[in-house]
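The following exercises concern side-chain contacts and solvent exposure in one molecular structure. Each task is followed by a solution in steps.

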Amino acid sequence: MANQATVNPTSEQQAFRTVGRIKTLRLVIAKRKKKGKDVASYEAELNRRLEEVNALKAALSEVY
């Protein structure tokens, strides 16, 4: 299931994609910084995805 892309992913699929993308973005940012390349767009996406995760955490904390 994790390897299949869907046009309209479920909330669970979207959460796993976001977590995976965060890991990838951190690696890409580190590599690009090491090479002296611009990372602004990657950092913006990373911040957006971290905000998504924080919003999900906040929603879950209201339930538990």
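**Exercise 1.** Characterise the contact between the side chains of Arg 48 and Glu 52.

Solution. Step 1: the side chains of Arg 48 and Glu 52 form a salt bridge with an N to O distance of 2.8 Å; the criterion is a side-chain nitrogen of Lys or Arg within 4 Å of a carboxyl oxygen of Asp or Glu. Step 2: both residues belong to helix 2, where they are four residues apart, about one turn of the helix. Helices are DSSP runs (H or I, at least four residues), numbered from the N terminus. Step 3: Arg 48 has a relative accessible area of 40% and is therefore partly exposed; Glu 52, at 31%, is partly exposed as well. The classes are buried (under 20% relative accessible area), exposed (over 50%) and partly exposed (in between), with a 1.4 Å probe and protein chains only.

The model is predicted: local features need pLDDT of at least 70, side-chain atom pairs count only at pLDDT 80 or more, and totals for chains, interfaces and linings use all residues. Residues are numbered from 1 along each chain as its sequence is written, and side-chain values use heavy atoms, with hydrogens and water left out.

**Exercise 2.** Determine which residues are linked with Glu 45 in a network of salt bridges.

Solution. Step 1: Arg 21 forms a salt bridge with Glu 45, with the closest N and O atoms 2.9 Å apart. This pair joins distant parts of the chain, since Arg 21 lies in helix 1 and Glu 45 in helix 2, 24 residues apart. Step 2: Arg 49 also meets Glu 45 in a salt bridge (2.9 Å, N to O), and these two residues lie four residues apart in helix 2. Step 3: the network thus contains Arg 21, Glu 45 and Arg 49. Step 4: Arg 21 is partly exposed at 28% relative accessibility, whereas Glu 45 is buried at 19%; Arg 49 is buried too. The count of salt bridges comes to four.

**Exercise 3.** Identify the residues of the largest nonpolar core and the contacts of Ile 29.

Solution. Step 1: the core consists of five residues, Ile 22, Leu 25, Ile 29, Val 39 and Leu 46. A nonpolar core is a set of buried Ala, Val, Leu, Ile, Met, Phe, Trp, Tyr and Cys residues joined through side-chain atoms within 4.5 Å. Step 2: helix 1 (residues 11-34) supplies the largest share of this core, three residues. Step 3: leaving aside residues up to four places away in sequence, Ile 29 touches Val 39, Tyr 42, Glu 43 and Leu 46, where contact means heavy atoms within 4.5 Å.
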